[in-house]
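Have the sequence and the model side by side for this one. We'll start with the sheet, move on to what packs against it, and finish with charges and a couple of odd backbone angles.

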Amino acid sequence: MTAIRRLEPSNDGTSKEGVSDSTIIFENKYEFCGYNLKIARFINANLGFSAYVWEAGVALCRYFEKQNASFTGKRVIELGSGTGIVGILTTLLGGEVTMTDKPNILKQIENNVSINIPSACRHRVKVRALTWGEDHTSFPTDYDFILGSDIVYSSVSYPALMETLRHLANQGATIYLSSELRKRNGSPSFHKEVLPQHFNCQVVDRLDDKNIIVYKMTKISTNPGVGCLI
């Protein structure tokens, strides 16, 4: 279900959400793990792909639901949070979550956090800017989980993404990567050939009708491990 609303303008031309009052918000409703989420998307705010809830993100949430996942007491970082749907659910499932994206996306994430995360739980969620391959080393390496959904979409960004993943997973984090495989951007070969050079990869879920695969990965240490099977 999708609802549309316009922002309430203020005297300085920005809304209470912190974006231009000409922006239109689309609101989508979802239910995962017994939680009802209302995800706002800032349309016409130059957010590009980040203004959408991608099917790979929904697939990762559904996977956590099927697995009765709990992140209680676990440190989690999400890359390319976009609307924040995955990170928000992970917070509600008990995680101490750092949600990251480019600086211009953070207002959308913060808005959705304020809508969906009870105030008593907000001390467990942080929203921070992270540009892959540039400032990733300012983040720690002791996360328990690293999450990403539909972040493998541009071959130009693959080297920076790999550099970031290798840094963040340096102390043995488990990575969940949910991807829609698209031949035009080289994502099938990235998953099948590039990732296995540095990570042990296991396919844990797939939606064949949408060409979406959920991977569980850990960084290779001394043993070669197995490749990603597609």
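What follows is a short tour of the fold and some of its side chains.

First, the ground rules. This is a predicted model, so local features need pLDDT of at least 70 and side-chain atom pairs count only at pLDDT 80 or more, while totals for chains, interfaces and linings use all residues. Residues are numbered from 1 along each chain as its sequence is written, and side-chain values use heavy atoms, with hydrogens and water left out.

**The sheet**

Helices and strands here are DSSP runs numbered from the N terminus (helices are H or I with at least four residues, strands are E with at least two). Seven strands make an open sheet with mixed pairing, in the order 6-5-4-7-8-10-9; two strands pair if DSSP finds at least two bridges between them. Strand 6 (125–129) and strand 9 (199–207) are the edges, each with a single partner strand, so one side of each is left without a neighbour in the sheet. From one strand to the next the twist averages 20 degrees. Axes are lines fitted to C-alpha atoms, for helices over the stretch in contact, and angles run from 0 to 180 degrees between N-to-C directions.

Now zoom in on one pair. Strand 4 (residues 75–79) and strand 5 (residues 96–101) run parallel and are joined by four bridges. Ile77 has Thr98 in strand 5 as its bridge partner, and Val76 has Val97 there. Five of the six residues of strand 5 are buried, so this strand is largely enclosed by the rest of the structure. For accessibility, buried means under 20% relative accessible area, exposed over 50%, and partly exposed in between (1.4 Å probe, protein chains only).

**Helices on the sheet**

Contact means heavy atoms within 4.5 Å. Helix 2 (residues 85–92) packs on the sheet and touches strand 4, strand 5, strand 6 and strand 7, its direction making about 170 degrees with that of strand 5. Helix 2 is mostly covered, with eight of its eight residues buried; among them are Ile85, Val86 and Gly87. Just after helix 2, Gly94 takes a positive phi of about 105 degrees. Helix 1 (residues 55–66) lies across strand 7 (145–149), strand 8 (174–180), strand 9 and strand 10 (212–219), running at about 135 degrees to strand 8.

**A buried acid**

Which side chain of opposite charge is nearest to Glu78? Arg124 is, but it's 13 Å away, and Glu78 is buried with no salt bridge. (Lys and Arg count as positive and Asp and Glu as negative; His and the chain ends are not counted.) Glu78 lies in strand 4, and its side chain reaches the backbone nitrogen of Gly87 at 3.1 Å. Leaving aside neighbours within four places in sequence, the contacts of Glu78 include Val86, Gly87, Thr98, Met99, Leu147 and Ser149.

**Salt bridges**

A salt bridge is a side-chain nitrogen of Lys or Arg within 4 Å of a carboxyl oxygen of Asp or Glu. The whole structure has seven of them. Here are some, with N-to-O distances.

| Pair | Closest N to O |
|---|---|
| Glu65 and Arg62 | 3.1 Å |
| Arg182 and Glu180 | 3.1 Å |
| Asp208 and Arg206 | 3.8 Å |

Asp208 is exposed, with a relative accessible area of 61%, whereas its partner Arg206 is partly exposed at 36%. Salt bridges that share partners tie Asp150, Glu180 and Arg182 into one network. Within that network, Arg182 is buried at 11%, and Glu180 counts as partly exposed at 23%.

Glu65 and Arg62 both sit in helix 1, three residues apart, about one turn of the helix. An α-helix has 3.6 residues a turn, so residues three or four places apart point the same way. Glu65 is partly exposed at 28% relative accessibility, as is Arg62 at 34%.

**Two positive phi angles**

Asp150 turns up again here: its phi is near 55 degrees, a positive value in a residue other than glycine. Asp150 is in the loop between strand 7 and helix 4 (158–168) and counts as buried at 7% relative accessibility. Cys33 also has a positive phi, about 55 degrees, although it is not a glycine. Cys33 lies in the loop between strand 2 (24–32) and strand 3 (35–43) and is partly exposed, with a relative accessible area of 26%.

Notes. A polar contact is a pair of N or O atoms within 3.5 Å; within protein, one must be able to donate a hydrogen and the other to accept it, and residues adjacent in sequence count only if both atoms are side-chain atoms.
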